[in-house]
Amino acid sequence: MKIYDVSVPIHEGMHDFPGNQPYTSTRILNMDDGAIANLTSFTMSAHTGTHVDAPLHFVRDGRNMDEMDLSVLIGPAVVYRLDSEERIERGDLEQLNLKGVERVLFKTSNSGLWRNEGFQTQYIYISGEAAQYLVDSGVKLVGIDYLSVQQYDSEDISPHTALLGNEVVLLEGIDLSEVPPGNYQLVALPLKLVGAEGAPARAVLIDE
Ligand SMILES: [Zn+2]
């Protein structure tokens, strides 16, 4: 059994979506300074690094993080390698056999972006039509290897609304660079933030 940790490391200077609270961390107790223990405080956004979006992110009265169905966040998942150059289109997905597949993770050129310095604006996103195709295919969880399913700085929110509006769970900000395409067991457990529309998660793929 091999475990792939597909979560990105959380640290100051990490890729942060512009407008989000950047991650900062402080040792408020430090044993080097004579404290009896080490203790850290930090600031971050609900969408920092690897995280899960709840429907509430784009649906006014949608489900929030403490109401998430954990059975969607744990279970068989398929990693697909897509060579999309700008966005994932419906046509890219029609070539995949999504019948009976509940959790899909898309490995794109995005996974390489994590090695660049700072937030990257030119990442591969999912078109609104492709998002709707995933909904119609019965997919319950969609993972993407950068920080959003929609285009940076775009007014077109249809990738989010199509997916979240149909209770599809989004796992954003994963790094699949070390993961070969194929079948895995996914475990992605976001923090139980009451009333929040997103939460950081540790996500792993288990190759049995
Ligand atoms: Zn998000």
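These are my notebook entries on a predicted model of one protein chain.

**Ground rules**

I count residues from 1 along each chain, in the order its sequence is written. Since the model is predicted, I take local features only at pLDDT of at least 70 and side-chain atom pairs only at pLDDT 80 or more, while totals for chains, interfaces and linings use all residues.

**Overall look**

I started with the whole chain and found 5 helices and 12 strands. Both kinds of element are DSSP runs, numbered from the N terminus: helices are H or I with at least four residues, strands are E with at least two.

Next I looked up the extent. The C-alpha atoms fill a box of roughly 60 × 40 × 35 Å along the principal axes. The radius of gyration is 17 Å, which agrees with the value near 17 Å for a compact globule of 208 residues. That radius is taken over C-alpha atoms, and the globule rule is 2.2 Å times the number of residues to the power 0.38.

Then burial: 38% of the 208 residues count as buried. I call a residue buried if 20 or more other C-beta atoms lie within 10 Å of its own, exposed if 12 or fewer, and partly exposed in between, with C-beta atoms placed from the backbone.

I also checked contacts, meaning pairs whose C-beta atoms, placed from the backbone, lie within 7 Å. Among contacts with a separation of 6 or more, 73% come from residues 24 or more positions apart.

**The core and Val142**

Which residues have the most contacts inside the largest nonpolar core? I noted Leu134, Val142, Leu163, Val168 and Leu170, in a core of 50 residues. Such a core is a set of buried Ala, Val, Leu, Ile, Met, Phe, Trp, Tyr and Cys residues joined through C-beta atoms within 7 Å. In soluble globular proteins, nonpolar side chains tend to be buried together.

I followed Val142 further. Beyond its neighbours within four places in sequence, Val142 is in contact with Val104, Leu134, Val149, Leu163, Val168 and Leu170.

**Helix α4**

Leu134 took me to α4, residues 128-136, where Gly128, Ala130, Ala131, Tyr133 and Leu134 are buried. What covers these residues? I found β6, α2, β8, β9 and α5 among the elements doing so. Just after α4, Gly138 has a positive phi of about 90 degrees.

**Strands β9 and β10**

In β9, Leu141 and Gly143 point one way, Val142 and Ile144 the other, and all are buried. That fits a general pattern I jotted down: in a regular strand the side chains alternate between the two faces of the sheet.

β9 has parallel partners. Strand β7 (residues 103-107) joins β9 through 4 bridges, and Phe106 stands opposite Ile144. Strand β10 (residues 169-172) is also joined to β9 by 4 bridges, running parallel, with Leu141 and Val169 as bridge partners. I count two strands as paired if DSSP finds at least two bridges between them.

β10 is buried on both faces, with Val169 and Leu171 on one side and Leu170 and Glu172 on the other. Strand β4 (residues 51-53) runs antiparallel to β10, joined by 3 bridges, and Asp53 stands opposite Leu170.

I looked up the handedness too: β9, α5 and β10 make a right-handed β-α-β unit. Right-handed here means that, with the strands pointing away from the viewer, the path from the first strand over the helix to the second runs clockwise.

**Two loop residues with positive phi**

Asp153 sits in the loop between β9 and α5 and has a positive phi of about 60 degrees although it is not a glycine. Asp153 is exposed because it has 7 C-beta neighbours inside 10 Å.

Glu167 is in the loop between α5 and β10, with phi near 65 degrees. Buried or exposed, or in between? Glu167 is partly exposed, with 15 other C-beta atoms within 10 Å.

**Phe17 and Pro200**

Phe17 lies in the loop between β1 and β2 and is partly exposed, with 16 other C-beta atoms within 10 Å. Past four places in sequence, Phe17 touches His47, Phe119, Leu147 and Ser148.

Pro200 is in strand β12, residues 198-207, and counts as buried because it has 21 C-beta neighbours inside 10 Å. Pro200 and Val52 are 148 residues apart in sequence, yet 6.3 Å apart in space, C-alpha to C-alpha.

How values were computed. Contact = placed C-beta atoms within 7 Å.
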